[in-house]
Amino acid sequence: QVQLVESGGGLVQAGGSLRLSCAASGRTFSAVVVGWFRQAPGKEREFVAGLRWTVGSTYYGDSVKGRFTISRDNAKNTVYLQMNSLKPEDTAVYYCVVREGIIWTPLASGYAYWGQGTQVTVSS
């Protein structure tokens with residue numbers, strides 16, 4: 001099993017920034033893809049950002065390109081999501097995810113491991 005613990009959510013004004021963290025523990029894999037999804041009330045889960053751990057390739061949803069940055073700290077087994085220029089439409093619960101292997105996918109069904117989620121609220 002893999003345990004994912006997110007932190008860093010909160011309330012911020014439009015135009016502000018937040019950094020989410022996700023610490024992973026438990027089973028180790030030779031290769032993984034990590035990422036972030038979000039879900040707003042009444043909406044489906046949306047792909048936000050992904051990263052292929054061993055090579056560092058990154059992927060972003062269209063709605064966050066140029067504003068959000070995903071990164072990792074190998075020594076801490078932690079993945080980050082730096083969110084800048086936040087908008088009210090970014091308000092959602094943000095989930096950290098892990099997928100074994102090297103193939104990236106933007107589909108939520110492709111990720112076996114999910115964190116508990118952290119709330120991000122952006123006020124206008």
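**Close-up 1. Thr105 in its loop.** In this predicted model, Thr105 is buried, with a relative accessible area of 12%, a value that falls under the 20% limit used for buried residues. The residue has its place in the loop between strand E9 and strand E10 (113-114). From there, the side chain of Thr105 reaches the backbone nitrogen of Leu107 at a distance of 3.1 Å.

**Close-up 2. Strand E4 and its two partners.** Seven of the eight residues of E4 are buried, so this strand is largely enclosed by the rest of the structure. Strand E4 spans residues 32-39 and strand E9 spans residues 92-100, and the two run antiparallel, joined by eight bridges. Within this pairing, Val34 stands opposite Val98, a residue of E9. E4 is also joined to strand E5 (residues 46-52), again in the antiparallel sense, by six bridges, and here Glu46 in E5 is the bridge partner of Arg38. E4 and E5 form a hairpin with six residues between them, and in its turn Gly42 has a positive phi of about 80°.

**Close-up 3. The side chain of Arg38.** Arg38 is found in strand E4, where its backbone pairing with Glu46 of E5 has been described above. Is this arginine, Arg38, buried or exposed? At 5% relative accessibility, Arg38 counts as buried, because the limit for that class is under 20%. Its side chain makes a polar contact with the side chain of Ser63, at 3.2 Å, and the side chain of Arg38 also makes a polar contact with that of Asp90, at 2.9 Å.

**Close-up 4. An open sheet of four strands.** Strands of a sheet pair through backbone hydrogen bonds, either parallel or antiparallel. In the sheet shown here, four strands are arranged in the order E1-E3-E8-E7, and the pairing is antiparallel. The sheet is open, and its edge strands are E1 and strand E7 (68-73), each of which pairs on one side only. On average, and with direction ignored, neighbouring strands of this sheet are turned by 20° against each other. At the E7 side of the sheet, E7 and E8 pair in the antiparallel sense over six bridges, and one of the facing pairs places Ile70 opposite its bridge partner Leu81, which lies in E8.

**Close-up 5. Asn77 and Ser85, at the two ends of strand E8.** Which residue takes a positive phi in the hairpin of E7 and E8? That hairpin has four residues between its strands, and Asn77 is the residue there with a positive phi near 50°. Asn77 is found in the loop between E7 and E8, and it is not a glycine although its phi is positive. With a relative accessible area of 40%, Asn77 is partly exposed, because this value lies between the 20% limit for buried and the 50% limit for exposed residues. Ser85 is found in the loop between E8 and E9, and this residue likewise has a positive phi, of about 50°, without being a glycine. Ser85 is partly exposed, with a relative accessible area of 41%.

**Close-up 6. The largest pocket and its lining.** The largest pocket of the model has a volume of about 320 Å³. Its lining consists of 20 residues, of which Ala24, Arg27, Phe29, Val32 and Asn77 lie nearest the centre of the pocket. Asn77, which was met above in the loop between E7 and E8, therefore appears in this view as a partly exposed residue of the lining. The elements that give two or more residues to the lining are strand E1 (2-7), strand E3 (18-26), strand E4 (32-39), strand E8 (78-83) and strand E9 (92-100). Among these, E3 gives the most, with four residues. By residue type, the lining of the largest pocket divides into 12 nonpolar residues, seven polar residues and one charged residue.

Key: Residues are numbered from 1 along each chain as its sequence is written. This is a predicted model: local features need pLDDT of at least 70, side-chain atom pairs count only at pLDDT 80 or more; totals for chains, interfaces and linings use all residues. Side-chain values use heavy atoms; hydrogens and water are left out. On a 1 Å grid over the protein atoms alone, a cavity is a set of points where a 1.4 Å probe fits but cannot get out, and a pocket is an open set with protein on both sides within 12 Å along at least five of seven lines; lining residues have an atom within 4 Å of a point. Grid points are joined across faces, edges and corners, and a volume is the space filled by probe spheres set on the points. Ala, Val, Leu, Ile, Met, Phe, Trp, Tyr, Cys and Pro count as nonpolar, Asp, Glu, Lys and Arg as charged, and the others, Gly among them, as polar. Two strands pair if DSSP finds at least two bridges between them. Axes are lines fitted to C-alpha atoms, for helices over the stretch in contact, and angles run from 0 to 180 degrees between N-to-C directions. Buried means under 20% relative accessible area, exposed over 50%, partly exposed in between (1.4 Å probe, protein chains only). A polar contact is a pair of N or O atoms within 3.5 Å; within protein, one must be able to donate a hydrogen and the other to accept it, and residues adjacent in sequence count only if both atoms are side-chain atoms.
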